[in-house]
Amino acid sequence: MLIWLSWIEMIPNIIKIEKEGKNYILFNKRGMVLELTAKEYSVFKKYAGQKKIPKNHEEFFNKLCCYEMTEFEDHAPTNVPKEYSQKLFHHNSDKPVFKSPIIAHLGITSACNMKCRYCSIRQPYNKIKELSTDDWKIIIKKLADLGVFQIGFTGGEPTLRKDLINLARYVSSLDCTFNLTTNCWKLDEKLISKLKEAGMRQCQVSLDCHVPKVNDKLRAKGSFKSVSKAIDLLKKYDISVGIDCVVSKNNLNHIPEFVEWLSKKDVPYLTLIKIKQGDLPLEVFKKLLPDYFEYSQIIEKLCDRKNADPCVTLDCGSVSNLQYTLKDDELSKVPIAGCPMGHTLLSISPNGDIYPCVALSNQEFKVGNALKDDLKSMWKDNNVLKELRLVKSKVQGICKGCDRLDHCRGGCRGIAYSLYGNLWESDKTCLRR
């Protein structure tokens with residue numbers, strides 16, 4: 001149930017609030033999501049629109065200020081550890097945790113000016129017909145009606161679409177937030193200004209290393225320079241920057257210094273994404289997978305940074321490496337629940353075909369078509385999604401008996417499928433013992 005009352009308009013950070021069971025989900029302009037209990041929500045509703053922070057609820061509202069859900073003229077928030085929904089943690093049912101995806105990744109084009117061989121979509125998106133502006137608007141409206149909160153424009157390279165600003169404005173008009181995943185080649189100040197005006201508050205930037213020679217070898221010559229310039233421009237327009245870094249043996253040893261470089265650049269977010277096969281021959285892919293212990297030890301060093309920026313997020317393929325660094329009592333304090341396929345996200349290709357995630361963009365995992373199908377019934381009843389939600393029951397081998405299966409949900413199914421040709425094979429790259 002969507003809640004839209006006049007008092008919400010007094011809180012400029014909030015886009016919308018939805019009731020899920022007994023709790024309430026808050027969505028803000030930067031793409032952050034926070035769940036409140038009914039008791040917390042009543043406090044939020046009573047005080048969040050005030051100019052001064054209520055002293056009897058200062059700790060609670062300090063947390064909400066850190067999440068950028070509200071703000072007060074007399075309060076500068078002090079950082080608190082981030083909390084995340086635990087709904088997925090013990091879930092083992094073919095029913096989705098949420099009534100709709102929270103995020104939809106829209107691959108609005110297959111065109112790209114770079115040729116990264118580890119790109120997950122180069123091969124599956126090759127030579128498929130792209131949808132028109134009107135078709136994408138129909139899909140975006142269907143996603144918004146379903147309850148999707150965030151639309152992510154991806155590709156290919158989304159800035160190559162001439163209608164990007166048009167689509168971005170349309171997303172914002174439906175009280176959804178949108179972000180962009182880009183290689184920054186065409187992201188100049190004029191385009192950034194238009195995207196900000198259209199409602200963009202957050203942008204994901206592809207960068208694999210702070211050493212230009214290393215990054216450009218993986219991406220394209222001149223890539224580092226373009227990205228570095230774009231980061232400064234995005235900050236100028238108060239657009240939050242997140243870095244997407246593909247981790248492989250090519251750049252693994254550079255990650256600690258890369259994180260420090262991002263900190264000095266005042267970049268708030270970094271996502272470490274374990275390399276997927278993409279267009280790589282299988283044997284080359286195996287050789288480029290990061291060494292388990294070396295990667296795990298690097299993650300351990302990053303954990304020692306506590307809450308220092310950038311905030312480092314791990315993809316589901318890297319969760320097993322995090323588990324290497326954490327003892328059981330520490331794991332209980334870290335809210336991780338592995339692969340969210342079928343629960344929080346969908347991936348839509350340039351022709352409207354839907355997949356569980358970009359790492360499983362094979363035809364056999366096709367969920368439907370966003371232009372043609374009823375999304376509500378698809379989300380609830382599609383057999384591919386129902387099977388993936390049961391991953392903890394279906395995973396085979398050493399993962400099945402692991403006492404930490406709730407935490408990682410068997411790792412990345414895309415990597416497992418590439419390595420073993422079996423969606424349910426254990427993540428044998430995990431060497432935790």
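## Thr344 and its surroundings

Setting aside residues up to four places away in sequence, Thr344 touches Phe98, Pro101, Ile102, Ile103 and Trp379. The model described in this report is a predicted one. Thr344 is found in the loop that runs between helix H12 (328–331) and strand E12 (345–348). Its relative accessibility is 18%, and Thr344 therefore counts as buried, since the cut-off for that class is under 20%.

## The nonpolar cores

In soluble globular proteins, nonpolar side chains tend to be buried together. The largest nonpolar core of this model has 67 residues, and the members that touch the most other members are Leu106, Phe153, Leu187 and Ile243. A second core, separate from the largest one, has 27 residues, including Tyr118, Phe285, Cys339 and Leu423.

Phe153 may serve as an example of the contacts made in the largest core. When neighbours within four places in sequence are left aside, the residues in contact with Phe153 include Leu106, Ile108, Ile140, Pro158, Leu164 and Leu167. Further contacts of Phe153 include Ala168, Val171, Phe178, Asn179, Leu180 and Thr181.

## The sheet

Strands of a sheet pair through backbone hydrogen bonds, either parallel or antiparallel. In this model, ten strands form an open sheet with mixed pairing, and their order is E11-E10-E9-E8-E7-E6-E5-E12-E13-E14. The edges are held by strand E11 (311–314) and strand E14 (368–369). Each of these has a single partner strand, so one side of each is left without a neighbour in the sheet.

One pairing may be followed in detail. Strand E6 (residues 150–154) pairs with strand E7 (residues 177–182) in the parallel sense, over four bridges. Within this pairing, Gln150 stands opposite Thr177 in E7.

## Helix H8: one buried side

Helix H8 comprises residues 255–264, and among these Ile255, Phe258, Val259, Trp261 and Leu262 are buried. The buried residues cover an arc of only 160 degrees around the axis, and they therefore lie on the same side of H8. On the other side of H8, Glu257 and Lys264 are exposed.

Which elements cover the buried residues of H8? The covering parts include H7, strand E9 (240–247), strand E10 (269–274) and helix H10 (292–303). Just after H8, Asp266 takes a positive phi of about 60 degrees.

## Salt bridges

Side chains of opposite charge can pair when their charged atoms come close. In the whole structure, 13 salt bridges are found. One of them joins Glu197 to Arg169, with the closest N and O atoms 2.9 Å apart. Glu197 belongs to helix H5 (residues 189–198) and Arg169 to helix H4 (residues 164–173), so this pair ties together parts that are 28 residues apart in sequence. Glu197 counts as exposed, at 52% relative accessibility, while Arg169 counts as partly exposed, at 41%.

Another salt bridge is formed by Arg219 and Asp208, whose closest N and O atoms are 3.1 Å apart. Arg219 lies in the loop between helix H6 (212–218) and helix H7 (223–236), whereas Asp208 lies in the loop between strand E8 (202–206) and H6. The two residues are eleven residues apart, and the pair links distant parts of the chain. Are Arg219 and Asp208 buried or exposed? Both are buried.

The side chains of Glu387 and Lys394 also meet in a salt bridge, at 3.3 Å from N to O. Glu387, at 36% relative accessibility, counts as partly exposed, and Lys394, at 28%, counts as partly exposed as well. In addition, Glu130, Arg161 and Asp163 are joined into one network by salt bridges that share partners.

## Cysteines without disulfides

How many disulfides are found in the whole structure? The search finds zero. The reasoning can be followed for two cysteines. For Cys112, the closest cysteine sulfur is that of Cys116, and the distance of 6.4 Å is too far for a bond. A disulfide requires the two sulfur atoms to be within 2.5 Å. Cys112 counts as partly exposed, at 31% relative accessibility.

For Cys408, the closest cysteine sulfur is in Cys399, and the two sulfurs are 5.8 Å apart, which is again too far for a bond. Cys408 has a relative accessible area of 10% and is therefore buried.

Definitions and conventions:
Residues numbered from 1 in each chain as written. Predicted model: local features only at pLDDT ≥ 70, side-chain atom pairs only at ≥ 80, totals over all residues. Heavy atoms only, no water. Buried < 20%, exposed > 50% of the residue type's maximum accessible area, 1.4 Å probe, protein only. Contact = heavy atoms within 4.5 Å. Core = buried A, V, L, I, M, F, W, Y, C linked by side-chain atoms within 4.5 Å. Pairing = 2+ DSSP bridges. Salt bridge = Lys/Arg side-chain N within 4 Å of Asp/Glu carboxyl O. Arc of directions from axis to C-beta.
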